[in-house]
Amino acid sequence: MGEEEAGVRPELVREAEVSLLECKVCFERFGHRQQRRPRNLPCGHVVCLACVAALAHPRSLAFECPFCRRACRACDTSDCLPVLHLLELLGSTLRASPAALNAAPCGPRVLTCHHAFGGWGTLVNPTGLALCPKTGRVVVVHDGKRRVKIFDSGGGGAHQFGEKGDAAHDVKYPQDVAVTNDCHVVVTDAGDRSLKVFDFFGQIKLVVGKQFSLPWGVEITPQNQVLMTDTEAGTLHLLEVDFPEGVLRRTERLQAQLCSPRGVAVSWLTGAIAVIEHPWALGTSGNNTRVKVFSATMQLIGQVDSFGLNLLFPSKITVSAVTFDPQGNVIVADTSGPAIICLGRPEAFPALKPVVTHELSRPVALTFTKENSLLVLDSASHSVKVFKVLEGNGG
């Protein structure tokens, strides 16, 4: 039996490499790494990511399928999971070396809920969560009388600000929040379609409005710049701000033609940027979501949508929030599970591993602390839940 398998396998491998495992445009072998990843076109044909990039218009991202001439856009392509799985079965990059194999599983181990804070009344329908890098305090935006609530690192209430109103320093409908390296609080406000910067005590420093359609997700880069998604415009922006002076120095549009982008995250290890898209806004499935990851130079290095995730996971996944763990793995919140799931590193998408499957109702935001605890904002229980590795848990 073993000899027959040994005799047949090389022949099958050669046939598969010729007919299935090479791009028919450049004739290079598909692989798991970036430019060689097989990409599904909307018409069903498969080409490598490098050819998609070469064929697409640099601004509109539009191109024609080289085989059937159907029009499409680069952002409409997705990983061809059957080919990626076949690469693994036939000895792909992930199986080629023991080092790669050991690096394949997601970093986080299974986490358990250590404690929770907030609760109805303290928080009301919370939408955004952030951690102050210097103090470890937790900042939450919600629908309470004062929209911005700050907790100490143990979960005790510290102070709050941002009343609902029409003044510049008021906050009408907060969507997300981030905290800068020098402890300024940045809030996206859907009420007046603006981005607002406060100091840590609630004094308004800057209001950036009128140039955005609907600001949504917000994040701070390692360089203390602001990343912000505009869900109506379909764009991702970088804002350079002098926070102590309250002056906007520069605004740059990093990415356009995104599909209703909302959540955004940046890896402090690699500088990679993850964005959550909601293609349902363009008329597709109501719960469809897509995670796109760009390199620090804004090259697309990985993406996966609900359909692709559902091929690998036993239940439907609807991504509501995204972050990176300290090892550079992409971690997402799933409201359908509900669960917290590790997708692995962007260049090896997706390598699914659930890290939290219990004690969640509707996770809408998440972030890691310096101690590697995971904070999850649960809008259904109006609370922040702290998850840690169970002592003695090997993985």
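This report walks through confidence, strand pairing, salt bridges and one partly exposed alanine in a predicted model.

**Confidence**

Let's begin with how far the coordinates can be trusted. The protein chain has an average pLDDT of 85, and 86% of the residues reach at least 70. Two stretches deserve some care. Residues 1-8 stay under 50 in pLDDT, and the model gives them zero contacts beyond four places in sequence. Residues 281-285 are also below 50, with four contacts in the model beyond near neighbours in sequence. Where pLDDT is low, the predicted coordinates should not be read in detail.

**An enclosed strand and its two partners**

Strand β16 covers residues 226-230, and five of its five residues are buried, so the strand is largely enclosed by the rest of the structure. Its side chains go two ways: V226, M228 and D230 point one way, while L227 and T229 point the other way, and all are buried.

On one hand, β16 pairs with strand β15 (residues 215-220), running antiparallel with four bridges. Within this pairing, E219 has L227 of β16 as its bridge partner. The two strands make a hairpin with five residues between them, and N224 in the turn shows a positive phi of about 65 degrees.

On the other hand, β16 is joined to β17 by five bridges, again antiparallel. Here V226 sits opposite L239 of β17. This pair is also a hairpin, with four residues between the strands and a positive phi of about 70 degrees at G234 in the turn.

**A four-stranded open sheet**

Further along the chain, four strands build an open sheet in the order β23-β24-β25-β26, with antiparallel pairing. β23 (319-324) and β26 (353-356) are the edge strands; each has a single partner strand, so one side of each lacks a neighbour in the sheet. On average, neighbouring strands in this sheet are turned by 30 degrees against each other, direction ignored. Five bridges hold the antiparallel pairing of β23 with strand β24 (residues 330-334). In that pairing, F324 faces V330 of β24.

**Salt bridges**

The whole structure contains 17 salt bridges. Three of them are listed here.

| Pair | Closest N to O distance |
|---|---|
| E22 and K24 | 3.4 Å |
| R37 and D79 | 2.7 Å |
| E240 and R250 | 3.4 Å |

What does the salt bridge between R37 and D79 tie together? R37 lies in the loop between α1 (2-19) and β1 (38-40), and D79 lies in strand β5 (residues 78-79), so the pair ties together parts that are 42 residues apart in sequence. Both R37 and D79 are buried. They also belong to a network of salt bridges that links R37, R39 and D79.

The pair E240 and R250 connects strand β17 (residues 235-242) with strand β18 (residues 247-255), the two residues being ten apart. Both ends are partly exposed, with relative accessible areas of 31% for E240 and 35% for R250. K24, from the pair with E22, is partly exposed as well, at 34% relative accessibility.

**A116 and its distant contacts**

Finally, have a look at A116 in strand β6 (residues 111-118). Is this residue buried or partly exposed? With a relative accessibility of 46%, A116 counts as partly exposed. Its C-alpha atom is separated by 6.6 Å from that of S383, although the two residues are 267 apart along the chain. Leaving aside residues up to four places away in sequence, A116 touches V384 and K385.

How values were computed
Residues are numbered from 1 along each chain as its sequence is written. This is a predicted model: local features need pLDDT of at least 70, side-chain atom pairs count only at pLDDT 80 or more; totals for chains, interfaces and linings use all residues. Side-chain values use heavy atoms; hydrogens and water are left out. Two strands pair if DSSP finds at least two bridges between them. Axes are lines fitted to C-alpha atoms, for helices over the stretch in contact, and angles run from 0 to 180 degrees between N-to-C directions. pLDDT is the predictor's confidence in each residue, from 0 to 100. Contact means heavy atoms within 4.5 Å. Buried means under 20% relative accessible area, exposed over 50%, partly exposed in between (1.4 Å probe, protein chains only). A salt bridge is a side-chain nitrogen of Lys or Arg within 4 Å of a carboxyl oxygen of Asp or Glu.
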